[in-house]
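Here is a short report for a reader who is new to this structure. Look at the model first, then follow the sections below.

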Amino acid sequence: MSFYGLEIAKSALSLSQKGMNLAGQNIANAATEGYTRQRLNIVSIEPVSLSGRYLALSVGAVGGGATATSVDQIRSAYIDSALRKEYSSQGQWDTRATEMKYLESLFDETSTSLLSKSFTNFFDSLQELTEDTVSKEIRTNVQQDALTLTQTLNSYYSQLSDLQSQMNESIKTTVDRINEISKSIADYNKSIYTYEMTGENANDLRDKRNLLLDELSKLVDTQYSEDSDGKLSVSVAGNTIVNHGNYTELTAVADQTGVVSGTTGFYRVCIEDADGNLTNVAYTDGSLAGYKQLRDGNTADDMGIPYLMDKLNTLARGLAQQFNAVNKAGYTMPHDAEASVQNINFFKVPLDGDGDEDYSLITAGNLTLSDEVKNDPYKIAASSDPVNLSADNTNTGNNENALKLAALGTSASAIEGTGFEAYLKNIAVGLGISSAHCSNMLAGEDSLVSNLENRKEAVSGVSTDEEIIELMKYQHMYNAASRIINAIDSALDKLINETGMVGR
Amino acid sequence: MRITTNMISNSYLTNLNTNLSALNLYQTQLSTGKRITKLSDDPVGVLGSMDARVKLARLTQYQKNVDSAKDALKSAETALNELNSSLQTAYERALQASTDTVSDSDRAAIAEEIKQLRDNVLSVGNTKVSNRYLFGGYNSTSAPFTLNADGDLLYNGLDVSVDSPALQAEAEQSTSVELGYDMTMQVSVNGLELLGSGSGNIYNLLNNLYHTLTEGGSASDIEAYVTPLQTAQSDVLANLSEIGGRSNRLDLLSNRYAEDELNYTQVKSDVEDVDQAEAIMNYKMSETVYLFALKVGSSIIQPSLVDYLK
């Protein structure tokens, strides 16, 4: 009889206490974000071993009880990695779908879209002009409706331009956040490494670091790996941003010009390499990629804000070219001291460096009426021949040029082979299709992410029912172990106090 | 697969959210009456409805143009009718005056009547509606018909009885308006068409008749005017029927546009508007599903093992 039995029971007692504590920990953290359930890694203590306490030389040696070698997290690295990849996609599509919805509402032709209505009013007032070329009221209507049209185009353009700048700013703020996360991950790397040198698992620290990696994946596509020493490195598009305890910041360099808009100070994401040179970071996913695509996307397949700006610019230029050509060919209405003249522009054309008219300088943001028409509605050239108030045939009723102006509204080939309103319609429909596509992709990603998150939950989530069972298990173990101690205690007591009492 | 508490509550929340989204959608559809609230709801469908919208807007304007064209032609008709009755009276008087039985005082009275008719014809030629001269071709702000010092009729400054290329150019001036896609129609009547030019000009005929009556023309001199007056009248009638033809075309156009308006509105409505009955059904169904989800959720979420252990 030795105290060996007591040791076995003692190990059971401390183990069951650990177990109950752990069950408590799991239950308390059941709702904690990013918490991975923990389990004791229990091993039985061998009877003959270097780590055992007693060297038993007899046959039928009994083990020394049980002990917890570590507290392990139940987590699947594979699911984590798959999930983070989908987070990046989801991040990108989420950004794009949200902004696309906003753009849609701008161009929404199913409600009373401002731009469409402006066109209708302008073309209608031109028709009125063909019926009465003399009336100052009707001419003023044409002038005002044309002015409203240009102002509406201006406003659309400036809203797009503002949004583009917002996307640019978002790139900067995202880069700042990425850098914050890199720093935190580096700090955690150091803490985890130091802690785990003691042989314990740094479960809670790892959980926090994993949360950071999740957040990072949503922002930009990342690759990460932990080497055999337990050192984590994180990289974006091949550029290392975290290497164990060291982190490299991404810089947003403001040296790009906005596509189509020509706004300066757009950001380019770079990283400083070993020689101190800045190299481009070619990220492809995450909300960072979403912002970039919206800010720079310039084709029908890659529709971003610049594409829409470009289309509006084409519309503005087309308007200016067509209306100017017709107005210049016709004669204005004389009044007061002004004579009937030709060659008056309808819309203003900016001058280039040499002082020549340059239609390519017109944008939807700067389109406006020519100074002549803006100040004098009589400068709208309705007549095909000079109008002379003192002649026998005054020619005041000549509306042939007005008919040509009005015909521009219904012309089916005014701009790039379609009419003006049809062109606008095509922009809106293209936008609708692109937006629907983004929303669909997002829905797909949401579903994938949801599926993977469920699988992660299934592996790593805490089930309170399960923990209660564990608790009960350890509770019983504790009770039983205490009984064992009682039993051995009375055996020892018998041995010590009541053995060898014969004859005393 | 393990099921954890979080999974149950997450999936419950997700499904609840899906139900609420559907509920929200149907509610919006019902309260706005529109199936499509934004472009991406049905981009291809929107293509058709946007087309219809543009056509409807154009149609409204064309309809207005057709209406004002009809008004312009009506004014022309009124003028021609007046000319017709003037010519009728002149013809009867000329017949009367061409007999030998008419007395000098009667002749003077007839002459006076002819003078009145002649002046009336001039004022008809210079008809103005809302401050615009109707029969001056492109000259809408000054009277097209004037008299020179010799009392000759001038149209926009040119002598009506003298044929010249300038006069011919004037005769071809007429205002058109756009009545449809690639469709313009002349809506004014040229003054020279109205009153005739050269020797057939109504004013000149009446003027000459007047002078013949007052300057002692013989019965046969007066008789010489009878046929020209008849010819002039039949010209006026011919003009009237031509205008009538144009008016009819406008009526047909008007009818067609009214039909087109209905069609396009229908197309727009088919795409954009929601079928109320269907929407209410959908709404009720999703409301039921939502309530069920709530009920089931409450019975799963609350109890746990702890409730059942002693």
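## A hairpin in chain B

B:Ser176 has a bridge partner in β7(B), and that partner is B:Gln186. This is a predicted model. The pair belongs to a longer match: β6(B) and β7(B), the latter covering residues 183-186, run antiparallel and share four bridges. Two residues sit between the strands of this hairpin. B:Asp182 takes a positive phi there, near 55°.

## Chain B as a whole

Chain B holds 10 helices and seven strands. Its radius of gyration is 39 Å, while the globule rule gives 19 Å for 310 residues, so chain B is more spread out than a compact globule. The box filled by its C-alpha atoms tells of the extent along each principal axis: roughly 140 × 35 × 25 Å.

## Where chain B touches chain A

Now to the two chains together. Contact involves 46 residues of chain B and 46 residues of chain A. On the chain B side, four elements give two or more residues each: α1 (5-32), α2 (43-97), β6 (176-180) and α10 (305-308). So the hairpin strand β6(B) returns here, as one of the elements that touch chain A. Which element of chain B gives the most to this side? α2(B) does, with 13 residues.

The chain B side is mixed in character. Its residues divide into 16 nonpolar, 21 polar and nine charged.

## Two domains in chain A

Chain A is divided into domain 1, made of 4-74 and 462-498, and domain 2, which spans 79-461. Taken over C-alpha atoms, their centres are 65 Å apart. The contact takes 13 residues from domain 1 and 10 residues from domain 2.

On the domain 1 side, strand β2 (residues 66-73) of chain A supplies the largest share, four residues. That side of domain 1 splits into four nonpolar, six polar and three charged residues.

## A three-stranded sheet in chain A

Three strands of chain A form an open sheet in the order β7-β8-β9, with antiparallel pairing. β7 and β9 stand at the edges with a single partner strand each, so one side of each is left without a neighbour in the sheet. Neighbouring strands are turned by 55° against each other on average, direction ignored.

Take the pairs in turn. β7(A), residues 250-256, and β8(A), residues 266-272, are joined by five bridges. In that pairing A:Val253 stands opposite A:Arg268 of β8(A). Three bridges then link β8(A) to β9(A), residues 278-280. There, A:Cys270 has A:Asn280 of β9(A) as its bridge partner. β8(A) and β9(A) form a hairpin with five residues between them. In its turn, A:Gly276 has a positive phi of about 85°.

A helix goes with this sheet. Helix α4 (residues 136-196) of chain A lies across β7 and β8 of chain A. The helix α4(A) runs at about 160° to β7(A).

## Helix pairs in chain A

How do α7(A) and α9(A) meet, and at what crossing angle? Helix α7(A), residues 305-329, and helix α9(A), residues 400-410, have axes that come within 9 Å and cross at roughly 175°. Angles over 145 degrees count as roughly antiparallel, so α7(A) and α9(A) are roughly antiparallel to each other. From α7(A), the contact uses A:Gln322, A:Phe323, A:Val326, A:Asn327 and A:Ala329. From α9(A) come A:Asn401, A:Lys404, A:Leu405 and A:Leu408. Five of the contact residues are nonpolar, three are polar and one is charged.

A second pair involves α3(A), residues 114-131, and α10(A), residues 420-460. Their axes come within 10 Å and cross at roughly 175°. That makes α3(A) roughly antiparallel to α10(A). A:Leu115, A:Ser116 and A:Phe119 of α3(A) meet A:Phe420, A:Glu421 and A:Leu424 of α10(A). This contact divides into four nonpolar residues, one polar and one charged.

Note on methods:
Residues numbered from 1 in each chain as written. Chains lettered and ligands numbered in written order. Predicted model: local features only at pLDDT ≥ 70, side-chain atom pairs only at ≥ 80, totals over all residues. Contact = placed C-beta atoms within 7 Å. Nonpolar A, V, L, I, M, F, W, Y, C, P; charged D, E, K, R; others polar. Axes fitted to C-alpha atoms, helices over the stretch in contact; angles between N-to-C directions. Parallel < 35°, antiparallel > 145°, perpendicular 65-115°, else oblique. Pairing = 2+ DSSP bridges. Domains from an automatic or database assignment. Rg over C-alpha atoms; globule rule 2.2 N^0.38 Å.
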